Amino acid sequence: MTSACVFVALAALTFHLAPAGAATSAWVRPVAGAVVRAFSAPSSRFGPGHRGVDLAAPAGTPVVAAGEGVVAFAGPVAGSLHVVVAHAGGLRTGYSFLARIDVRVGARVHAGQTIGASGGQGQDHTVGVLHLSLRRGDTYLDPMLLFAPPDLARVVHLAPVRGDTDVGPIVPAREERAIADDVGLTVRLPAWARGGGNGGAGGGVLGALVDATGRVLDAGGDVVGSFVQGGAAGLVAATRFVRDVARAAGISAAAKDVLEVGRRLVDWARSRLHCTSDAPAADGTGGSGHALMVVAGISSSFDGRGNALGLPVKDLGYDPAEVRSFSYAGTAPAYKPSDTWNDLVIQAHSLAAQLKAMQRADPGREVDLVAHSQGGVVVDVFLKLVYRAKDPTYPPLGTVVSLSSPHRGAPLATAAAEIVGSTSGRGALTFAAQAAGLPPPDGASLRQLAERSPLLRDLWKRPLPDQVDYTSLGAPDDYVVPATQVDLDGAQTVMVDPAGVVSEHDAITHDRRAMSAVRLALEGRPPPCVSFPEGVRDAIEPVVITRTEHVIARAGAAAGRAADALTP
């Protein structure tokens, strides 16, 4: 009797936690084949591991949806076919290396419905397996948990709460990046190249480079993708080797710079896996069709006419009547440069209020955000500290694009923070800032933009909201915000080179190449392809600029301290 009561109680609780259509028993295996390679959680986002399971599936085997949901992606990535289905509770299942796709993006499918057929070429150039993945947000889970016998702990972990049927927005670019992570199109090193093999660190480097060459020669279908995978492995191994040697020798600054160059080269290699080779111009024929809020940077001003960025909104497909400029002065549309020097957290709350005003004026109208320089950090603070996706007083957010924004902090702001540490340095910088109309060196926003400011350290700990599709653009010759500083976890980084200008920091807001990249981001398409010479330049120049500014900062701080010592 007691056992029966316990069973009934557990069954009732399981039903409460996992409503019809989402309970563990509602999941079905996409194919009947055995597991030929199990799930192995990666140690980090790009670390080694196996983010799903491989199921035996002879070519032509029907592949069915594991559960009810909406098709979030259906198409090719790096030469192979994939489907992603979004389920209630923030879960997404992925089905990779298909020979045929039978569903379209946006279609609702039920558990057991055929979505395609197996038989596509896998990441190891093999046929006869289906790769199945499961993730919640950006976290990969073992998909076999879906099909295990009902277990209360698993039900609590996987099942959405009652009434949670929101599968989230369908953003093709985000799904494609997740697929690339899932099936190993990010960097994957052989075990011996990751260290600990017979060849040691140097052997790992040479071995990875040899592996890269072998992959190029042996590639059966996607030669470019194979080269990039192998080449990126060699670059990562090489930069790790340099890092280890430099640590042993105590060469910290040089090692960091070499490692950063290597990381940027790896990012370029990854970008070649999925990019747009013939990027369309921003000519008014594309875009998102949404409304727009633009957020300008530090020391900007706005008189209420046009938009605060001077952004060519018509070329990006926006109706100028639906474009709003964020005001650093709050309720007043116009603002002056000194308004931009105030606390960025206060400005983020002001951005929230101004977005809510857009929602009241046109309920349900989706709004994109395009920000420049400091404006991108204002948007970061808003998204991570203020915004709540389920708050109906906000408008639906579309694509977010930042242009030369110091998500990792601005070296010049760091320099100011170091130099004002001395009385002489503070006086000299304050005088120069007043003469040039620049922000005071100890102003609130400038302090917050320093590379290790408490605000930025707090932001780095927090993820972007899952439903936000964010693209960060940087320019290789930007001296105000070097491109080393524009990376943001959860966002796609894109490098563009405004042509024929001295100040790339300002030109990026209207340059034709930059606007073409913005158009692709707004349309959810892959970024423009970057050639090898451009990729090398994009990797090296920003690192040199950043290092130079750090050296100047230390020299300025030392000069200020020396002047203080000589002052009676």
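# Helix ends, strand pairing and a buried loop residue

Me: In this predicted model, which backbone nitrogen does a side-chain oxygen of Asp 343 reach at the start of α7?
Reply: At the start of α7, a side-chain oxygen of Asp 343 comes to within 2.7 Å of a backbone nitrogen. A pair of N or O atoms counts as a polar contact within 3.5 Å. The nitrogen belongs to Val 345.

Me: What end-to-end C-alpha distance does helix α7 have?
Reply: Helix α7 covers residues 344-361, which makes 18 residues. At 1.5 Å a residue the helix should span 26 Å, and the model agrees with that expectation. The end C-alpha atoms are apart by 26 Å.

Me: Against which elements do the buried residues of α7 pack?
Reply: The buried residues of α7 include Leu 344, Leu 351, Leu 355 and Met 358, and also polar ones such as Gln 347 and Gln 354. Their packing partners comprise strands and helices. These are β11, β12, β13 (367-372), α8 (374-386), α11 (444-449) and α12 (454-460).

Me: In what order do the six strands of the open sheet run?
Reply: The pairing in this sheet is parallel. Its edge strands, each pairing on one side only, are β12 and β16 (492-495). From one strand to the next the twist averages 20°. The order is β12-β11-β13-β14-β15-β16.

Me: Which residue of β15 is the bridge partner of Val 400?
Reply: Strand β14 (residues 397-403) and strand β15 (residues 469-474) run parallel and are joined by five bridges. In β15, the partner of Val 400 is Tyr 470.

Me: At about what angle does α8 run to β13?
Reply: Helix α8 lies across β11, β13, β14 and β15. These four strands belong to the open sheet with parallel pairing. Relative to β13, α8 runs at about 135°.

Me: Is strand β6 largely enclosed or largely open, and why?
Reply: Buried means under 20% relative accessible area. Of the eleven residues of β6 (residues 91-101), eight are buried. The strand is therefore, with respect to the rest of the structure, largely enclosed.

Me: Over how many bridges does β6 pair with β8?
Reply: β6 pairs with β5 (residues 80-86) in the antiparallel sense over six bridges, and with β9 (residues 129-136) in the antiparallel sense, also over six. In β9, Ser 96 has His 131 as its bridge partner. With β8 (residues 114-118), where Leu 98 is partnered by Ser 118, the antiparallel pairing has a bridge count of three.

Me: Which residue takes a positive phi in the hairpin of β5 and β6?
Reply: The two strands pair in the antiparallel sense, and Val 84 has Gly 94 in β6 as its bridge partner. Four residues lie between the strands. The one with a positive phi, near 80°, is Gly 89.

Me: Does Phe 302 count as buried or exposed, and why?
Reply: Phe 302 lies in the loop between β11 (291-295) and β12 (323-325). Beyond four places in sequence, its contacts are Asn 307, Ala 308, Ser 325, Pro 333, Ala 334 and Tyr 335. Because its relative accessibility is 10%, Phe 302 counts as buried.

Me: At roughly what angle do the axes of α10 and α15 cross?
Reply: The axes of α10 (residues 423-436) and α15 (residues 532-566) come within 6 Å. Thr 423, Ser 424 and Gly 425 of α10 meet Gly 560, Ala 563 and Asp 564 of α15. By class, this contact has one nonpolar, four polar and one charged residues. The crossing angle is roughly 115°.

Notes
Residues are numbered from 1 along each chain as its sequence is written. This is a predicted model: local features need pLDDT of at least 70, side-chain atom pairs count only at pLDDT 80 or more; totals for chains, interfaces and linings use all residues. Side-chain values use heavy atoms; hydrogens and water are left out. Buried means under 20% relative accessible area, exposed over 50%, partly exposed in between (1.4 Å probe, protein chains only). Contact means heavy atoms within 4.5 Å. Axes are lines fitted to C-alpha atoms, for helices over the stretch in contact, and angles run from 0 to 180 degrees between N-to-C directions. The expected span of a helix is 1.5 Å times one less than its number of residues. A polar contact is a pair of N or O atoms within 3.5 Å; within protein, one must be able to donate a hydrogen and the other to accept it, and residues adjacent in sequence count only if both atoms are side-chain atoms. Two strands pair if DSSP finds at least two bridges between them.
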